[in-house]
Amino acid sequence: METMNMTMDPKALVELAAAARKYAYAPYSGFKVGAALLCKDGSIYTGCNIENAAYTPTNCAERTAFFKAVSEGKRGFAAMAVVGGKETLDAYCPPCGVCRQVMMEFCKIDFQIILGRADGEVKIWKLADLLPEGFGPGNLSHDVSEMSKQVKLECSKMYS
Ligand code: ZN
């Protein structure tokens, strides 16, 4: 596992994503993606897309990296670099909607998504821009706390 200072160079993270892309398993689409996830503690987890003959079990590079990190206890995330394409990396490869939702689960809205291209250009987005008004843990915890207040109120009425 790589580590990086929190004030990392976005292009360095893009290079790690490009290196991870080499392991992509994409025999069906030929579209290979690599991702590099920078945790708040400076550790970095990489991932590639992993396709499947049954199609639906396919996993994106972004989620591969997230699930590797989360499964090893990481919960604080700063940024993720993503690169992808069939042959060359001429175009940016933005994360799909499912991966944006996974980011919403574990990241603050200022989490950075760094898209890289072969020409060295990078585009940096914040999660709030890629998933405006996203539904996340906060939406449920609000409901849960409201519900538990309601339950306490009802209980206090019952036993008073
Ligand atoms: Zn995805």
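**Exercise 1.** What share of the contacts in the protein chain with a separation of 6 or more do residues 24 or more positions apart account for?

*Solution.* The structure is a predicted model, in which local features need pLDDT of at least 70, side-chain atom pairs count only at pLDDT 80 or more, and totals for chains, interfaces and linings use all residues. Residues are numbered from 1 along each chain as its sequence is written. Taking two residues to be in contact if their C-beta atoms, placed from the backbone, lie within 7 Å, one finds that pairs 24 or more positions apart make up 61% of the contacts with a separation of 6 or more.

**Exercise 2.** Determine which residues of H1 are buried and how they are arranged about the axis.

*Solution.* Begin with the extent of helix H1, a DSSP run of H or I with at least four residues, which covers residues 10-21 and reaches 17 Å from its first C-alpha to its last. Next, apply the burial criterion (20 or more other C-beta atoms within 10 Å of the residue's own, all placed from the backbone), which selects Leu13, Val14, Leu16, Ala17, Ala20 and Arg21. Finally, because these residues fall within an arc of 160 degrees seen down the axis, measured by the directions from the helix axis to the C-beta atoms, they line one face of H1.

**Exercise 3.** Describe how H2 packs against H3.

*Solution.* Helix H2 (residues 61-71) and helix H3 (residues 97-106) pack at about 25 degrees with their axes 9 Å apart, the axes being lines fitted to C-alpha atoms over the stretch in contact, and angles running from 0 to 180 degrees between N-to-C directions. H2 is therefore roughly parallel to H3, a term for angles under 35 degrees. Glu62, Arg63, Phe66 and Val70 in H2 meet Cys99, Val102 and Phe106 in H3.

Terms used. Helices (H or I, at least four residues) and strands (E, at least two) are DSSP runs, numbered from the N terminus. The expected span of a helix is 1.5 Å times one less than its number of residues. A residue is buried if 20 or more other C-beta atoms lie within 10 Å of its own, exposed if 12 or fewer, and partly exposed in between; C-beta atoms are placed from the backbone. Angles under 35 degrees count as roughly parallel, over 145 as roughly antiparallel, 65 to 115 as roughly perpendicular and the rest as oblique.
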